[in-house]
Amino acid sequence: MKRLTFIFLLLLTGTFFYAQDAREAYYYYEVLELRHEPKPETEGFVTERITEYLNRGLYATRTQDGNGIFLSWRLLQSDDPQTGFHIYREVNGKARRLNRSLITATCDFIDPQPAEGTAYYWIVSIVKGKAQPASDKIEVVFLQIPTKTIQLLN
């Protein structure tokens, strides 16, 4: 029992010697009371929700297997529920649409055969059969890096 008391006292005093600040030896936490009060009514110029202007936010990255390009974009709050999308790619001044049918169920696409080098991708939203202004073009540089498996000697 004396041994346990000695170890306890040693550990207790050791915190004072190794702490950078003596206040670090004790930790006191104030217990706060939860208060769920109603939020105050807004007054003045803030009478409606403020929203910021967002574009499609087209983003591209290499797929996990490294053989494709994953494209992702935003569905905006102002989009009609019937909105669909076409994805375009431009390489060496030649543009082509990548999807055969209108994309309506998701806001992402995988280009399984990306062009080697620099390509530009953009999205055109289609609402009730009419094309809307195109998104900003993004530049993607795709380089296929050859890999070689080597065997390590034990």
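A residue is taken as exposed when its relative accessible area is over 50%. In the predicted model described here, Phe45 has a relative accessible area of 75% and is therefore exposed. This residue is located in the loop that runs between helix H1 (2-18) and strand S1 (59-62). Together with Val46 and Ile50, Phe45 makes a nonpolar surface patch of about 360 Å².

The secondary structure of the protein consists of one helix and eight strands, arranged along the sequence in the pattern α-β-β-β-β-β-β-β-β. Of the 154 residues in the protein, 25% are buried. Phe142, in strand S8 (residues 138-142), has a relative accessibility of 4% and therefore counts as buried, the limit being under 20%. The C-alpha atoms of Phe142 and Gly68 are separated by 8.8 Å in space, although the two positions lie 74 residues apart in sequence numbering.

Two aromatic pairs are present in the structure. In one of them, the ring centres of Trp73 and Phe85 are 5.5 Å apart and the ring planes are at 65 degrees, so the arrangement is edge-to-face. Trp73 belongs to the loop between strand S2 (69-72) and strand S3 (84-91), whereas Phe85 is part of strand S3; the pair thus links distant parts of the chain, 12 residues apart. Both Trp73 and Phe85 are buried. Tyr88 and Trp122 also form an aromatic pair, which is stacked, with 5.7 Å from centre to centre and 10 degrees between the planes. Here the linked parts of the chain are strand S3, which contains Tyr88, and strand S6 (residues 117-127), which contains Trp122, at a separation of 34 residues. Trp122 has a relative accessibility of 10% and so counts as buried. The face of Trp122 is also covered by a charged side chain: Lys137 lies over the ring, at 4.4 Å from its centre.

Lys137 takes part in a salt bridge as well, its side chain meeting that of Glu90 (2.9 Å, N to O). Because Lys137 lies in the loop between strand S7 (130-131) and S8 while Glu90 lies in strand S3, this pair ties together parts that are 47 residues apart in sequence. With a relative accessible area of 48%, Lys137 is partly exposed.

The count of salt bridges comes to three. In another of these, the side chains of Asp79 and Arg56 meet at 2.7 Å, N to O. Asp79 is placed in the loop between S2 and S3 and Arg56 in the loop between H1 and S1, so that parts 23 residues apart in sequence are tied together. Asp79 and Arg56 are both buried.

A further salt bridge joins the side chains of Asp111 and Arg89, also with an N to O distance of 2.7 Å. This pair links distant parts of the chain, with Asp111 in strand S5 and Arg89 in strand S3, 22 residues apart. Both partners are buried: the relative accessible area is 3% for Asp111 and 7% for Arg89. Strand S5, in which Asp111 is found, spans residues 108-111. In addition to the salt bridge with Arg89, the side chain of Asp111 makes a polar contact of 2.6 Å with the side chain of Tyr121.

How values were computed:
Residues are numbered from 1 along each chain as its sequence is written. This is a predicted model: local features need pLDDT of at least 70, side-chain atom pairs count only at pLDDT 80 or more; totals for chains, interfaces and linings use all residues. Side-chain values use heavy atoms; hydrogens and water are left out. Patches are made of residues with over 30% relative accessible area and no salt bridge: like charges are joined within 9 Å, nonpolar side chains (Val, Leu, Ile, Met, Phe, Trp, Tyr) within 5 Å. Accessible areas come from the Shrake-Rupley method with a 1.4 Å probe; for residues, only the protein chains shown count as cover. A salt bridge is a side-chain nitrogen of Lys or Arg within 4 Å of a carboxyl oxygen of Asp or Glu. Helices (H or I, at least four residues) and strands (E, at least two) are DSSP runs, numbered from the N terminus. Buried means under 20% relative accessible area, exposed over 50%, partly exposed in between (1.4 Å probe, protein chains only). Rings of Phe, Tyr and Trp (its six-membered ring) pair if their centres lie within 6.5 Å; planes under 30 degrees apart count as stacked, over 60 as edge-to-face and the rest as tilted. A charge sits over a ring if NZ of Lys or CZ of Arg is within 6 Å of the ring centre and within 35 degrees of the ring normal. A polar contact is a pair of N or O atoms within 3.5 Å; within protein, one must be able to donate a hydrogen and the other to accept it, and residues adjacent in sequence count only if both atoms are side-chain atoms.
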